[in-house]
Amino acid sequence: LIEQKSAGTWLLKSWLAKDRASISVQLQAILQVSPLRRFKTPNGYSMSVGSSNCGAWGWISDQKGYRYSAVDPLTQRPWPAMPEAWQHLATEAAELVGFQHFIPDSCLINCYEVGDKMGLHQDKDEEIFEHPIVSVSLGLPIIFMLGGLTRSQAYQKILLEDSDVLIWGGVDRLKYHGVQSLRKGLHPIFGSKRYNLTFRKAK
Ligand code: MD3
Ligand code: FE
């Protein structure tokens, strides 16, 4: 089921249901190598979510700012490789809504626990904005906020549930977005957490 949420935003409901068990196994293997950690923001706070990455480039944040790094600052080694199946599913999801040749070089892994949230922000650390972004939701549901091109514009709320895939690009690529705080619950595979995989072309 494809739902168009805005001119450049689509939601594929339950699209990954058949793949979620294998994704979970691959996810745990990646997190054994590059564990979840809370990034520090440039103004000295810690982010609410736990994060890691796989793929050639990983999104990081510290006192020096937000950027992409080929090396995990925690392990001082390259990030774990992006599983081929993950790259393919991101490419296929993008194609399904009309974005050809999307080959992500970065997958940010965010892990939300009860009460964790992400305030409204834009994704603008990538070199070019012509490529879409593909986001995979796993585990507990959360309310996603899709705003406008300025922070003060009203946002629409979109419920993101396990195995949903959200794709956005074109005129929506630089829209403000965030998620409301995670409510308590128990998911049969992912337990008391929500994971989000964000596929981007960083470079
Ligand atoms: C932008 N993560 O890590 S998915 C992020 O669920 C981030 O962990 C959120 O935003 C998460 O930067 C949200 C990303 C997303 C989804 C839909 C969008 C970004 C969007 C629609 C328009 C613009
Ligand atoms: Fe974002």
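# Notebook: a recorded site, two sheets and a ligand

I began at Asp123, which lies in the loop between S9 and S10. I keep in mind that this is a predicted model.

**Entry 1: the recorded site.** Why look at Asp123? The unreviewed UniProt entry lists His121, Asp123 and His177 under "binding site". The three span 57 residues in sequence, yet no two of their C-alpha atoms are more than 8.6 Å apart, so they gather at one spot.

Next I asked of two of them: buried or exposed? Asp123 has 18 other C-beta atoms within 10 Å. A buried residue needs 20 or more and an exposed one 12 or fewer, so Asp123 is partly exposed. His177 has 23 C-beta neighbours inside 10 Å and therefore counts as buried.

I then looked up where His177 sits, and found it in strand S14. Which residues does His177 touch, leaving aside its neighbours within four places in sequence? I noted Leu120, Phe144, Met145, Leu146 and Gly147.

**Entry 2: the sheet that holds S14.** I followed S14 into an open sheet of 4 strands, in the order S9-S14-S11-S12, with antiparallel pairing. Strand S9 (118-121) and strand S12 (156-160) stand at the edges; each has a single partner strand, so one side of each is left without a neighbour in the sheet. Neighbouring strands here are turned by 20 degrees against each other on average, direction ignored.

I checked one pair by hand. Strand S11 (residues 142-146) runs antiparallel to S12, with 5 bridges between them. Phe144, one of the contacts of His177, stands opposite Ile158 in S12.

**Entry 3: the other sheet.** I also traced an open sheet of 7 strands, again with antiparallel pairing, in the order S1-S2-S13-S10-S15-S8-S3. Its edge strands are S1 and strand S3 (50-54), each of which pairs on one side only. The twist averages 20 degrees from one strand to the next.

From the S1 edge, I saw strand S1 (residues 2-6) joined by 4 bridges to strand S2 (residues 9-12), the two running antiparallel. A hairpin of 2 residues links S1 to S2, and Ile2 stands opposite Leu12 in S2. S2 then pairs with S13, antiparallel and over 4 bridges; there I found Leu11 opposite Leu166 in S13.

At the S3 edge, 5 bridges join S3 to S8, antiparallel once more. Asn53 has Leu108 in S8 as its bridge partner. What lies across S3? I found H1, which also lies across S10 and S15 and runs at about 95 degrees to S3.

**Entry 4: a stop at Lys18.** I met Lys18 in the loop between S2 and helix H1 (20-33). Lys18 has 9 C-beta neighbours inside 10 Å, so it counts as exposed. I also took the C-alpha distance from Lys18 to Ala56: they are 27 Å apart in space and 38 residues apart in sequence.

**Entry 5: the ligand.** How many residues surround ligand 1? I noted 16, the closest being Ser135, Trp168, Lys175, His177 and Asn196. His177 is thus on this list as well as among the positions in the UniProt record.

Which strands supply at least two residues of this shell? They are strand S8 (106-112), strand S10 (133-139), strand S13 (165-168), strand S14 (177-179) and strand S15 (194-200). I met S8, S10, S13 and S15 in the sheet of 7 strands, and S14 in the sheet of 4. Finally, I sorted the shell by character: 7 nonpolar, 6 polar and 3 charged residues.

Notes: Residues numbered from 1 in each chain as written. Chains lettered and ligands numbered in written order. Predicted model: local features only at pLDDT ≥ 70, side-chain atom pairs only at ≥ 80, totals over all residues. Near = placed C-beta within 6 Å. Nonpolar A, V, L, I, M, F, W, Y, C, P; charged D, E, K, R; others polar. Pairing = 2+ DSSP bridges. Axes fitted to C-alpha atoms, helices over the stretch in contact; angles between N-to-C directions. UniProt positions renumbered as here; feature names shortened; annotations may be inferred. Contact = placed C-beta atoms within 7 Å.
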